[in-house]
Amino acid sequence: MTTATPVLDALAARATSLDDADPLAPLRERFLLPEGVVYLDGNSLGALPAAVPPAMADAVRRQWGTDLIRSWNDNAWWQAPLRVGDAIGHLIGAAPGQTVAGDSTSVQLFNALSAAVRLRPGRPLLLTDPAHFPTDQYIADSVARLFGLEVRRIPAAGLPGFLAEEGHRVAVAGYSPVDYRTGELHDVPGTTRAVQRAGALMLWDLCHAAGALPVRLDELGVDLAVGCGYKYLSGGPGAPAFLYVAERHQAAFDHPITGWNGHSEPFGLSGGYTPAEGVGRARIGTPPILSLLALEAALTAFEGVDMELVRAKSLSLTGFFQDCADTLLAGLGFGDVTPREPGRRGSQVVLRHPEAYAMVQALAARGVVGDMRAPDLLRFGVNALYISHREVLDAVRQLREVTTDGEHWQERFRLRTTVT
Ligand SMILES: *Cc1c(COP(=O)(O)O)cnc(C)c1O
């Protein structure tokens, strides 16, 4: 089945004019993307920034290979967690001295939640979203068990109502600005205000926000935040995560993992723990320098980039995706998941279809890379630094072909791999 060409022609003309007027188009050259691939999975693993391979070669050959242990001083390895933290802070509205890079999001969640509980003694509830990414929920449960608290799973939309009743009993609320499955963007300022009005602490998980949209941590007075380095920040597989501790909480921030790197005098080698001043106390042990340097190089892709423009382009891409889907996928059994209102949309478009898994596999074989979230969601993330409107149209057009040709019924697309 072929689509009437005038319809496709009109969409193609629109894509071209949007791309021609795109002020961020030149940023694509800051990434190394394989020929013939439409990469709509940068919300899971960001593409490779061009600055990373030479930085890695230098880190390995010169810094490690030649300078050896002197690199802790001479190549400023020791400062890397705070230096990279500040570079991330710049993208999430955090002034320097409040963000540290290291460990994984899961570990940083544990650190942030535990420290939050210690900052709000006597409050027995820990709130999280029943739709939150699983690790966020698992860790909330474990922290609650450890400290003798209770987790309440309250949908983001129901928070104000819950807080009006029980807010005085809440220690910390851990939520995500963007629902990782549906792509819905929650009300970050309103939620932060409601939580803090109840005297509780607000912890945002920025995994799907950092590098994707402007986040104004300082301006909104957020208490704590965490996020990963490998999604929109494109820091590479397993890139270090980050933890933000608002300056006003740092003096009382009691880290649950008192590693020697967080000590006020790490080389004093004393037997007792005295935390460092500032966010340095959120350091733990010897950091993964190679990964930190890869992330640091990756972040140069954002140099001179206005996050407001990133947001505007991201919305243009996702809005155009929805328009293409309306036109090209009508009547093919797809359901709409991601909100239409721009203010309620993150940086991905999600469609629902019972054959989601096999369709995503068939698309990947055509070079269109998205991902699938159980049981029936097709997820397409856009990173405005390297995705174009033409690619969005190409992806939807190919999804239409897969579906109308029944390509996804082929046996090879139905075998489950370990990672979906
Ligand atoms: C991706 C993601 C994570 C991942 O946690 P890791 O420890 O980095 O594996 C956690 N939370 C959210 C909301 C995510 O989107």
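## Gly370 and its surroundings

At a relative accessibility of 10%, Gly370 counts as buried, since the cut-off for a buried residue is under 20% relative accessible area. In this predicted model, Gly370 is found in the loop between β13 (368-369) and β14. Leaving out residues up to four places away in sequence, Gly370 touches Leu40, Asp41, Val360, Arg379 and Phe380. Arg414 is 44 residues from Gly370 in sequence, and the two C-alpha atoms are 16 Å apart in space.

The strand β14 (371-373) also borders another loop, the one that leads to β15 (377-381) and holds Pro375. The peptide bond from Ala374 to Pro375 is cis, and its omega is near -5°. Arg379 and Phe380, both touched by Gly370, fall within the bounds of β15 (377-381).

## Overall fold and dimensions

The protein has 14 helices and 15 strands. Its radius of gyration is 22 Å, close to the 22 Å that the globule rule gives for 420 residues, so the protein is as compact as a globular protein of that length. The C-alpha trace spans about 75 × 60 × 40 Å along its principal axes.

Of the 420 residues in the protein, 55% are buried. Among contacts between residues at least 6 apart in sequence, 72% join residues at least 24 apart.

## Surface and charge

The accessible surface of the protein comes to about 17,300 Å², and carbon and sulfur atoms account for 56% of this area. The protein carries 37 positive and 46 negative charges, and the mean positions of the two sets are 3 Å apart.

## Domains

The domain assignment gives two entries: domain 1, made of 5-30 + 305-413, and domain 2, covering 53-302. Domain 1 is thus written as two segments of the chain, whereas domain 2 is written as one. The centres of domain 1 and domain 2, taken over C-alpha atoms, are separated by 31 Å. Where the two domains meet, 27 residues of domain 1 are in contact with 20 residues of domain 2.

## Phe302 at the end of domain 2

Phe302 is the last residue of domain 2 in the assignment (53-302). This residue lies in the loop between α11 and α12 (307-328). With a relative accessible area of 5%, Phe302 is buried.

Not counting residues up to four places away in sequence, Phe302 touches Arg30, Leu91, Gly211, Tyr232, Leu233, Met307 and Leu385. Among these partners, Arg30, Met307 and Leu385 fall within the bounds of domain 1 (5-30 + 305-413). Leu91, Gly211, Tyr232 and Leu233 fall within those of domain 2 (53-302). By contrast, Gly158 is 144 residues from Phe302 in sequence and 35 Å from it in space, C-alpha to C-alpha.

## Residues with positive phi

Ser234 has a positive phi of about 60° although it is not a glycine. Its place is in the loop between β9 (224-227) and β10 (242-245). Ser234 is buried, with a relative accessible area of 2%.

Leu68 is likewise not a glycine, and its phi is positive at about 50°. Leu68 is placed in the loop between α2 (52-66) and α3 (71-74).

## Ser264 and Glu219

Ser264 lies in the loop between α10 (247-250) and α11 (289-299). At 37% relative accessibility, Ser264 counts as partly exposed. Leaving aside neighbours within four places in sequence, Ser264 is in contact with Thr274, Pro275 and Ala276. Pro275 is eleven residues from Ser264 along the chain, and the C-alpha atoms of the two are separated by 5.1 Å.

Is Glu219 buried or exposed? At 65% relative accessibility, Glu219 counts as exposed, because the cut-off for an exposed residue is over 50%. Glu219 lies in helix α9, which covers residues 217-220. Ala95 is 124 residues from Glu219 in sequence, while the C-alpha atoms of the two residues are 9.9 Å apart in space.

Key: Residues numbered from 1 in each chain as written. Predicted model: local features only at pLDDT ≥ 70, side-chain atom pairs only at ≥ 80, totals over all residues. Heavy atoms only, no water. Helix = DSSP H or I, 4+ residues; strand = E, 2+ residues; numbered from the N terminus. Buried < 20%, exposed > 50% of the residue type's maximum accessible area, 1.4 Å probe, protein only. Rg over C-alpha atoms; globule rule 2.2 N^0.38 Å. Contact = heavy atoms within 4.5 Å. Areas by Shrake-Rupley, 256 points an atom, 1.4 Å probe, with all protein chains shown as cover. Lys, Arg positive; Asp, Glu negative; His and termini not counted. Charge placed at Lys NZ, Arg CZ, Asp CG, Glu CD. Domains from an automatic or database assignment.
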